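Biologist: Before I rely on this model, I should like to understand the terms used to describe it. May I ask about them in turn?

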Amino acid sequence: MSKKNKFKLMPVLLTGLAIISLGAVIFYLSPPFKKAEAGITLMPEDLSITKLGNSVYTEKCASCHGVALEGQANWQQRNSDGYLPAPPHDESGHTWHHPSSYLFLMTKYGIEKMIGEKYPNNMPAYENKLTDNEIIAVLSYIKSTWPKPIQRQHDEISAYANTQ
Ligand code: HEC
């Protein structure tokens, strides 16, 4: 390649490099991907934590997800406005199918911010309404209500997600 051609390529290369670096910075800074948050652990056996979680649940979640974690009626069908009702958090729902990190990020940032695309839904984000500890507590409480074999399965799902 002649010197002249190399010179012409420089701006293209630099622009490419700038785009890649910007992408990396955005990826790194976007809160849902912070490693520390993605590696959170729930503590369903710690009574002081589940007690706090129980009161957070009653105050902030029960109105939609049900006092007994039973969810709203026909939760698998979109209503006339096109929204899904609140799903149950007991073993009949699919909360326990998701790793702890997913549950934490979804509760903190809401679904759209977590998946990074538009998805109209009625689940609020609790970023400015609950502390990280309160979110961990409420999810620990939810987990503490699941039968032990489901809790063990959820441990495995979460451990696997942390290795990804
Ligand atoms: C205003 C009603 C409302 C409140 C209050 C609410 N949620 Fe939700 N939540 C929803 C709806 C609706 C969905 C389903 C959204 C969808 O998929 O379209 C949902 C979904 C979820 C999911 C995902 C479950 C899954 O299986 O994918 C989690 C986790 C969750 N909520 C946790 C919480 C927690 C924890 C609280 C309390 C701090 C809470 N929610 C308060 C309405 C609510």
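Biologist: What share of the residues of the protein chain counts as buried?

Modeller: The model is a predicted one. Of the 164 residues in its protein chain, 22% count as buried. The criterion for that label is 20 or more other C-beta atoms within 10 Å of a residue's own.

Biologist: What elements make up the protein chain, from the N terminus on?

Modeller: The order is α-α-α-α-α-α-α. The chain has 7 helices and 0 strands. As for contacts between residues at least 6 apart in sequence, 59% of them join residues at least 24 apart.

Biologist: Why is Leu-69 called buried?

Modeller: The threshold is 20 or more other C-beta atoms within 10 Å. Leu-69 has 21 C-beta neighbours inside that distance, and therefore counts as buried. Leu-69 belongs to the loop between α3 and α4. Its phi is positive, about 60 degrees, although Leu-69 is not a glycine.

Biologist: Why, then, is Asn-74 called exposed?

Modeller: A residue is exposed if 12 or fewer other C-beta atoms lie within 10 Å. Asn-74 has 10, so the label exposed applies. Asn-74 also lies in the loop between α3 and α4. Its phi is near 50 degrees, again a positive value in a residue other than glycine.

Biologist: What makes Met-114 partly exposed?

Modeller: Met-114 has 19 other C-beta atoms within 10 Å. Partly exposed covers the counts between the exposed limit of 12 or fewer and the buried limit of 20 or more, so Met-114 is placed in that class. Met-114 lies in helix α5, residues 111-115. Its C-alpha is 8.4 Å from that of Tyr-102, with their positions 12 residues apart in sequence numbering.

Biologist: How do you know that Asp-132 and Ile-157 are partly exposed?

Modeller: By the same limits, 12 or fewer for exposed and 20 or more for buried. Asp-132 has 14 other C-beta atoms within 10 Å, and is therefore partly exposed. Ile-157 has 15, so Ile-157 is partly exposed as well. Asp-132 lies in helix α6, and its C-alpha is 8.4 Å from that of Phe-104, although the two are 28 residues apart in sequence. Ile-157 is found in helix α7, residues 148-162. Ile-157 and His-98 are 59 residues apart in sequence but 7.1 Å apart in space, C-alpha to C-alpha.

Biologist: Which residues of the largest nonpolar core touch the most other members?

Modeller: They are Phe-104, Ile-136, Val-138 and Leu-139, out of 19 residues in that core. Helices α3, α4 and α6 each supply at least two residues of the core. The largest share, 7 residues, comes from α6. In soluble globular proteins, nonpolar side chains tend to be buried together.

Biologist: Why is α3 called roughly perpendicular to α6?

Modeller: Their axes come within 7 Å and cross at roughly 95 degrees. Angles of 65 to 115 degrees count as roughly perpendicular, so α3 is roughly perpendicular to α6.

Biologist: Which residues make that contact?

Modeller: From α3, they are Ile-49, Thr-50, Leu-52, Gly-53, Asn-54, Val-56, Tyr-57 and Cys-61. From α6, they are Glu-134, Ala-137, Val-138, Ser-140, Tyr-141, Ile-142 and Ser-144. By class, the residues of the contact of α3 with α6 are 9 nonpolar, 5 polar and 1 charged.

Biologist: How many residues surround the ligand, and which are the closest?

Modeller: The ligand is surrounded by 22 residues, the closest being Cys-61, Cys-64, Leu-84, Asn-121 and Met-123. Helices α3 (47-65) and α4 (100-109) each supply at least two residues of this shell, and α3 gives the most, with 5 residues.

Biologist: How does the shell around the ligand divide by class?

Modeller: The shell has 12 nonpolar, 9 polar and 1 charged residues.

Conventions: Residues numbered from 1 in each chain as written. Predicted model: local features only at pLDDT ≥ 70, side-chain atom pairs only at ≥ 80, totals over all residues. Near = placed C-beta within 6 Å. Helix = DSSP H or I, 4+ residues; strand = E, 2+ residues; numbered from the N terminus. Nonpolar A, V, L, I, M, F, W, Y, C, P; charged D, E, K, R; others polar. Core = buried A, V, L, I, M, F, W, Y, C linked by C-beta atoms within 7 Å. Axes fitted to C-alpha atoms, helices over the stretch in contact; angles between N-to-C directions. Parallel < 35°, antiparallel > 145°, perpendicular 65-115°, else oblique. Contact = placed C-beta atoms within 7 Å.
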